[in-house]
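Trainee: I'd like a close look at one part of this predicted model, the place where two of its domains meet. Take me through that spot slowly, then work outwards to whatever else is worth seeing.

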Amino acid sequence: MTAVENDADVIVVGAGPGGSATAYHLARHGVRVLLLEKTEFPREKVCGDGLTPRAVRQLVRMGVDTSEEAGWLHNRGLRVIGGGVRLELDWPDLASFPNYGLVRTRLDFDDLLAQRAVAAGAKLCTSVNVTGPVLDPDGRAIGVEAEVGPEKAPATFHAPLVVAADGVSGRFPLALGLAKREDRPIGVAVRRYYRCPAKHDDNYLESWLELRSKDSGDNLLPGYGWIFGLGDGRVNVGLGVLNSSSAFGKTNYRRLLTDWLANTPAEWGMTDETNAEGPILGAALPMGFNRVPHYTRGVMLVGDSGGMVNPFNGEGIAYAMESGELAAEIAVQALARPGGAERERALAAYPTELKARFGGYYRLGGIFVKLIGRPEIMRIATRHGMPHPMLMRFVLKLLANLTDPRGGDAMDRVINAMTKVAPAV
């Protein structure tokens, strides 16, 4: 077999938050990284644009300036609306996480992270559409096939390790035969931007646990909603529906969004189409490790490609960046070993560590998804849980996965014990 000259030590497919975080942390350790992105920056992504303290921590670890002067809108916590109650819950004060969240549109957020990776030493190539892996005779990935530029010129890139961070579509892992698991939760979210001076600079992320249209009476619309101020005169408004709901796959989600917004106060302006900016766009939310294994045959899966969205709250960016940092740390150690069994032993630590970190928590999230998919349970939970601020503070910590792993308060200890006891997914 002829030896192949490698274009990089690691090829990262996809320059979203997970891919850029992976590339940044690899490059920071002196690894030669090729970061391949199929589009050009800046580019839009369907997202709520809201970041919890868990995501903020990852930005800080990448050296990102998260000050308001740098264009970020800070928030104090989560405003929850449901059961006839409106409750404002501040992010918890913890040693492990900052006590503020952020909002920024994906239009420049992804570009900013990609540039952090470049500043650390990664080589970013845009308009490179990766079409599949290059395999050695043993079926191990040793590079990628791609189409480059508007003319779609064929190209091949080689590296001893590939990181798939190509998002929910997961075309690269699919080419390796890694299909999504149907027994794991998945959601669908739609969102739209509106000009809304009344709420654009809100210092709380707003979550609606109950959605009603003007003519629905006491009947709830399926799903949950959000309104996140962007600080620039606009808000990001959207809703999500989980596959545990009977409405999943049988509903016009765009119509669902406009039906809900028709019941919001007129002064917010979200009932007026002239205030809308852009169309209603949708995306899938792959949850609870719905694609495994996270390492196989020279390929590591990061973020949405590995189904790492939090089933409790639909958050994906924090877990994409966190898994990217973990993948980088393990890849650095693996590449320092000779190829073969010794390197494979090091790479096998990646899925093991992911499972240890999130497996029990995601198992609990799967149970949660099944429960809230039943409207009668959701109604009871909101009506009896919302009036109790102490209980809701516990729920906030659980849903946002914000606890101190050591020490912490009684809530932290209970949540940490629950995730350890739960069998990992």
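**A domain contact and what lies beyond it**

Mentor: Let's start with a pair of side chains: R212 and E210 form a salt bridge, with N and O 3.3 Å apart. E210 has a relative accessibility of 11%, so it counts as buried. Keep E210 in mind while we set the scene. The domain assignment splits the chain into domain 1 (10-75 + 97-182 + 288-365), domain 2 (186-286) and domain 3 (371-421). The centres of domain 2 and domain 3, taken over C-alpha atoms, are 24 Å apart. Where those two meet, eight residues of domain 2 are in contact with seven residues of domain 3. The area buried between domain 2 and domain 3 comes to about 640 Å², with carbon and sulfur atoms giving 56% of that. This is where E210 comes back: L209, E210 and L220 are the residues of domain 2 that lose the most area to domain 3, and together they make up 55% of what that side buries.

What about charge and polarity here? The count of salt bridges between domain 2 and domain 3 is zero. Polar contact across this interface amounts to one residue pair, both at pLDDT 80 or more. By class, the side of domain 2 that touches domain 3 has three nonpolar, two polar and three charged residues. So much for the interface.

Elsewhere in domain 2 (186-286), have a look at Y193. Y193 sits in strand β13, residues 186-195. At 5% relative accessibility, Y193 is under the 20% cut-off and so counts as buried. Leaving aside neighbours within four places in sequence, its contacts include E44, D49, T105, L230, R234 and N275. For scale, Y193 and L398 are 205 residues apart in sequence and 29 Å apart in space, C-alpha to C-alpha.

The contact with D49 deserves a second glance: the side chains of Y193 and D49 are joined by a polar contact of 2.6 Å. D49 is in the loop between β2 and β3, and it is buried, with a relative accessible area of 1%. Its backbone stands out too, with a phi near 70°, a positive value in a residue other than glycine. As background, most residues other than glycine have a negative phi, and most peptide bonds are trans. P42 is in the loop between β2 (33-36) and β3 (50-51) as well, and the peptide bond from F41 to P42 is cis, with omega near -5°. Another cis bond joins V292 and P293, where omega is about 0°. P293 is in the loop between β17 (276-286) and β18 (295-296).

K152 also has a positive phi, about 55°, although it is not a glycine. K152 lies in the loop between β10 (141-148) and β11. Unlike buried D49, K152 is exposed, with a relative accessible area of 55%. Strand β11 covers residues 153-158, and H158 is found in it. H158 counts as buried at 16% relative accessibility. Among the residues H158 touches are V4, N6, I11, V134 and I142. From the other side of that pairing, V134 lies in strand β9, residues 128-135, and is buried with a relative accessible area of 14%. The contacts of V134 include I142, V144, T156 and H158. V134 and T156 are 22 residues apart in sequence, yet 7.9 Å apart in space, C-alpha to C-alpha.

Back to salt bridges, then: the whole count is 29. One of them pairs R57 with E322, the closest N and O atoms being 3.6 Å apart. R57 lies in helix α2 (residues 53-61) and E322 in helix α6 (residues 317-335), so this pair ties together parts 265 residues apart in sequence. The partners sit in unlike surroundings: R57 is partly exposed at 22% relative accessibility, whereas E322 is buried at 4%. A local pair is D259 and R255, whose side chains meet in a salt bridge of 3.0 Å, N to O. Those two both lie in helix α5 (residues 253-261), four residues apart, about one turn of the helix. D259 is partly exposed at 24% and R255 is exposed at 51%. Returning to R57 and E322, salt bridges that share partners join R54, R57, E322, E353 and R357 into one network.

Terms used
Residues numbered from 1 in each chain as written. Heavy atoms only, no water. Domains from an automatic or database assignment. Contact = heavy atoms within 4.5 Å. Buried area = accessible area lost by both parts, 1.4 Å probe. Salt bridge = Lys/Arg side-chain N within 4 Å of Asp/Glu carboxyl O. Polar contact = N/O pair within 3.5 Å; in protein donor to acceptor, adjacent residues only side chain to side chain. Nonpolar A, V, L, I, M, F, W, Y, C, P; charged D, E, K, R; others polar. Buried < 20%, exposed > 50% of the residue type's maximum accessible area, 1.4 Å probe, protein only.
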